[in-house]
Amino acid sequence: PTASPPTSRSRTAAPKGVVFAHGGIEGGYTLFMQDGRLHYLYNFLGRTRTHLVSSTPVPTGRVALRYEFERTGDAAPREGRGAPGVGRLHIGDDVVR
């Protein structure tokens, strides 16, 4: 699945804040900006956390922010494993992690 939130407009040198978040007490995910960079954090059932940070800063002005997940196998929920895959962060058309 691909999450494509609306474009973001920043007037500061170091944009910050939540772009979107979904989840509850047992897990979830969020796309946010902190220290001028794009972050994605995924919490799988409170067991494991995956945190991606963009390799480049989020530029000021209007820009599209996106997270993509490419599934590479099947989930094994009875064994406590989610679907394996590759996550990517995008700023505009550029893959930044």
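## A walk through the sheet, the core and the salt bridges

Start by selecting Leu52: beyond residues up to four places away in sequence, Leu52 touches Leu38, His39, Tyr40, Tyr67, Gly87, Arg88, Leu89 and Arg97, where contact means heavy atoms within 4.5 Å. What you have open is a predicted model, in which local features need pLDDT of at least 70, side-chain atom pairs count only at pLDDT 80 or more, and totals for chains, interfaces and linings use all residues. Residues are numbered from 1 along each chain as its sequence is written, and side-chain values use heavy atoms, with hydrogens and water left out.

**Stop 1: Leu52**

Stay on Leu52, which sits in strand β6; strands (E, at least two residues) are DSSP runs, numbered from the N terminus. Is Leu52 buried or exposed? Leu52 counts as buried because its relative accessibility is 10%, and buried means under 20% relative accessible area, exposed over 50%, and partly exposed in between (1.4 Å probe, protein chains only). Now add Tyr40: the two residues are twelve apart along the chain, and their C-alpha atoms are separated by 5.1 Å.

**Stop 2: the open sheet**

Next, show the strands as a cartoon. Four of them form an open sheet in the order β3-β4-β5-β6, with antiparallel pairing; two strands pair if DSSP finds at least two bridges between them. At the edges you will find β3 (17-24) and β6 (48-57), each of which pairs on one side only. From one strand to the next, the twist averages 10 degrees, with axes taken as lines fitted to C-alpha atoms and angles running from 0 to 180 degrees between N-to-C directions.

Zoom in on β4 (residues 27-34) and β5, which pair in the antiparallel sense over seven bridges. Two spots to click here are Phe32, which stands opposite His39 in β5, and Met33, whose bridge partner in β5 is Leu38. Follow the chain round the hairpin of β4 and β5, which has two residues between the strands, and pick Asp35: its phi is positive, near 55 degrees.

On the other side of the pairing, β5 and β6 run antiparallel and are joined by seven bridges. His39 is worth a second look, with Val53 as its bridge partner in β6. The hairpin of β5 and β6 has three residues between the strands, and Leu45 in that hairpin takes a positive phi near 55 degrees.

**Stop 3: two buried polar residues**

Select Thr30 in strand β4. Thr30 counts as buried because its relative accessibility is 14%. A polar atom of its side chain lies 3.0 Å from the backbone oxygen of Phe20. Such a polar contact is a pair of N or O atoms within 3.5 Å; within protein, one must be able to donate a hydrogen and the other to accept it, and residues adjacent in sequence count only if both atoms are side-chain atoms. Leaving out residues up to four places away in sequence, Thr30 touches Val18, Phe20, Ala21, His39, Tyr40 and Leu41.

Then move to Asn43 in strand β5 (residues 37-44). With a relative accessible area of 16%, Asn43 is buried. Where does its side chain reach? The side chain of Asn43 reaches the backbone nitrogen of Gly46 at 2.8 Å. Apart from neighbours within four places in sequence, Asn43 is in contact with Gly27, Gly28, Thr48 and Arg49.

**Stop 4: the nonpolar core**

Colour the largest nonpolar core, a set of 13 residues. A nonpolar core is a set of buried Ala, Val, Leu, Ile, Met, Phe, Trp, Tyr and Cys residues joined through side-chain atoms within 4.5 Å. Those with the most contacts inside this core are Leu31, Leu38, Val58, Leu65, Leu89 and Ile91. The elements that give two or more residues to the core are β4, β5, β8 (65-71) and β9 (85-91).

**Stop 5: the salt bridges**

Finish with the charged side chains. The structure holds four salt bridges, each a side-chain nitrogen of Lys or Arg within 4 Å of a carboxyl oxygen of Asp or Glu.

- Glu70 and Arg88 meet through their side chains at 3.1 Å, N to O. This pair links distant parts of the chain, with Glu70 in strand β8 and Arg88 in strand β9, 18 residues apart. Glu70 is partly exposed, with a relative accessible area of 41%, and Arg88 counts as partly exposed at 26%.
- Glu68 forms a salt bridge with Arg66, the closest N and O atoms being 3.1 Å apart. Arg66 is partly exposed, at 23% relative accessible area.
- Arg71 forms a salt bridge with Asp74, with 3.1 Å between the closest N and O atoms. Arg71 and Asp74 are both exposed.

Note on methods:
Helices (H or I, at least four residues) and strands (E, at least two) are DSSP runs, numbered from the N terminus.
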